[in-house]
Amino acid sequence: MTSVAEQTPPSADWSALDGSHQRVAVEVLRFGPLPRAQLARRLGLSPGSLTRLTRPLVDAGLLVEGGPENGPKDSPEHPVRTGRPSLPLDVGPSDQRFVGVKITGDTLFAVVTDLRAAVLAEHTRPLPGTDPAAVVGAVADVTRLLQADHPGVVGLGVGIGGFVIDRRDVARAHFLGWHELVPLADLLHRATGLPAVVDNDVRALTAAEHWFGAGRGLQSLLVITIGAGVGCGIVVHDLVVEGAHGGGGSIGHRPVVSSVVCEDGHRGCAQGLVSSRAVSGAVAQALGRPVTYAEALRLAVDGHGAARRVVDEAAGALGVLVADIANLIDPELVILTGDGIGLVEAARPALDAALEENRKAPLAPVRLDVRPFPFTEWARGAAAVAVQEHVLGRARAVTPA
C-alpha cells in the first residue's frame, strides 16, 4: 500500500514536504551525495520504496542524480542511462540563502549561507545599543544589507547567549541586561518579513557541527565553550537537547571541587574557575594589578608562579567538568571551543590529567577535539538553525500586527 506522503507529489519547496519525502530529502541534505543502495540502508527502506519516494523529488528538482562534478545527465560526457539509475543522489542546485547572526554585548557578526550552511558572505558591525528595540533594528539593518547582494534569503537565524524557549522567546540574556521575556523571533519577523528563529548561541553552534561539521553522522555529541561564561550543547539520539524551559546544556554553575565563589554567588562552580573573567580576575588578585585574560595565559606559559597555579587550576576544573558531563552523556565526541580556548593550549597537561582521573571506568577515553572557532562560525550556527527550521517545516511565520 502506498502512504499518503508517497501519493502527494512534492514540489521544490522544502517547507512543503512532509512524511517520508521529507525524511529522504533531509537525509540526502545532511549526508549526500549518497548512492541509492546506501540511502535505502540508512533509512531502512526497500529499493522499491526508495524509488517511489525519490522519483518525484528528482522530477521536482529538489534532488538530482550525481554531484555537480558529473555535469548534466544528458551531456555528451554523461548520456542518459537506461535501467535502474546508479548515480548518487544529492540536493539540487538552489538559490535559497540563509542569514545567521551572532549577538555579543557590543557587536553583531552576520553571515549568509547556502542550504548546507556554507558561508558565502560575512559582515561585522557594532551593536548600537542593548535594549530589544536597538538589537532588532541592528539585526534588521544588517539583514537588509546582506539581502541586497543575496536576494534569495528565505530564513533568518539568531544566536544569543542566554535562555531561549522554543527557538523563539529569550527568557533571559544577562549580557544584554534582558531579564524579562523578549519575543525576539516575532519581533525580527515583523522587522524583516523573514521567517525568524532564535536559539542559544552554543546550541546553534552545536546544531551546525551536528548537521554539517565535525559531528556529522554522530548520534551523540558535546560542544563545550569557554569564554566570559561556560556553555554546553548536547546531542543525544541525533537530537540537540533544548530542555523544557530553554535551559538544556546549562553547565556554567555546575559545581566542581573548589571554594571559589562566582559572580552569581555560587561556591565552587565551573564559571567561577574556568571562565576567562575568573582566570584573569584570580591572576590580577595575585599580582595586585589589572590583568587581561591573554596576559594571564602568557604569564602562565612563561612560568610565573601565581599565574601558573591559577591557569592549571582552571584547566583542571575544566577537565573535571568535561569528564562529569561525558560520564553522564557518554558522547562519541567532545568539541572544546570558545574565545577562551587558549586555556587549553596553556595548560593541556592539567586538563588531560583531570580528564583521565575523573573519567569513569570502563568507559572509553573521551575523544576530544579542540577548535578555536571565530565568531563568524557562531553566526554560521545561527544560519544552520534557520536551515533546519526551513527544511523540517517548523518555521512559523507570524503575521505582522
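Which strands does helix H5 lie across? The legends below, for a predicted model, start with that view.

**View 1. Helix H5 lies across four strands of the sheet: E3, E4, E5 and E6.** Look for H5 at residues 132-149. Strand E3 covers 97-103 and strand E4 covers 107-113. Compare the helix with E4, and you'll find H5 running at about 35° to that strand.

**View 2. Helix H7 packs on the sheet too.** This helix spans residues 201-212 and touches E3, E6 and E9. The direction of H7 makes about 105° with that of E9.

**View 3. Here's the open sheet, built from five strands.** Read across it and the order goes E5-E4-E3-E6-E9, with mixed pairing. At the edges sit strand E5 (119-126) and strand E9 (196-200), and each of them pairs on one side only. On average, neighbouring strands in this sheet are turned by 20° against each other, ignoring direction.

**View 4. Zoom in on E6 and E9, which run parallel.** Five bridges join E9 to strand E6, residues 153-160. Take Leu 156 as an example: its bridge partner in E9 is Ala 196.

**View 5. Trp 211 and Phe 212 make an edge-to-face aromatic pair.** Their ring centres are 5.8 Å apart, with 80° between the planes. A search of the whole structure turns up two aromatic pairs, and this is one of them. Trp 211 is buried, at 6% relative accessible area, and Phe 212 is buried as well, at 14%.

**View 6. Arg 42 lies over the face of Phe 31.** Arg 42 is 4.1 Å from the centre of the Phe 31 ring.

Key. Residues numbered from 1 in each chain as written. Predicted model: local features only at pLDDT ≥ 70, side-chain atom pairs only at ≥ 80, totals over all residues. Heavy atoms only, no water. Phe/Tyr/Trp six-rings, centres within 6.5 Å; stacked < 30°, edge-to-face > 60°. Buried < 20%, exposed > 50% of the residue type's maximum accessible area, 1.4 Å probe, protein only. Lys NZ or Arg CZ within 6 Å of the ring centre and 35° of its normal. Pairing = 2+ DSSP bridges. Helix = DSSP H or I, 4+ residues; strand = E, 2+ residues; numbered from the N terminus. Axes fitted to C-alpha atoms, helices over the stretch in contact; angles between N-to-C directions. Contact = heavy atoms within 4.5 Å.
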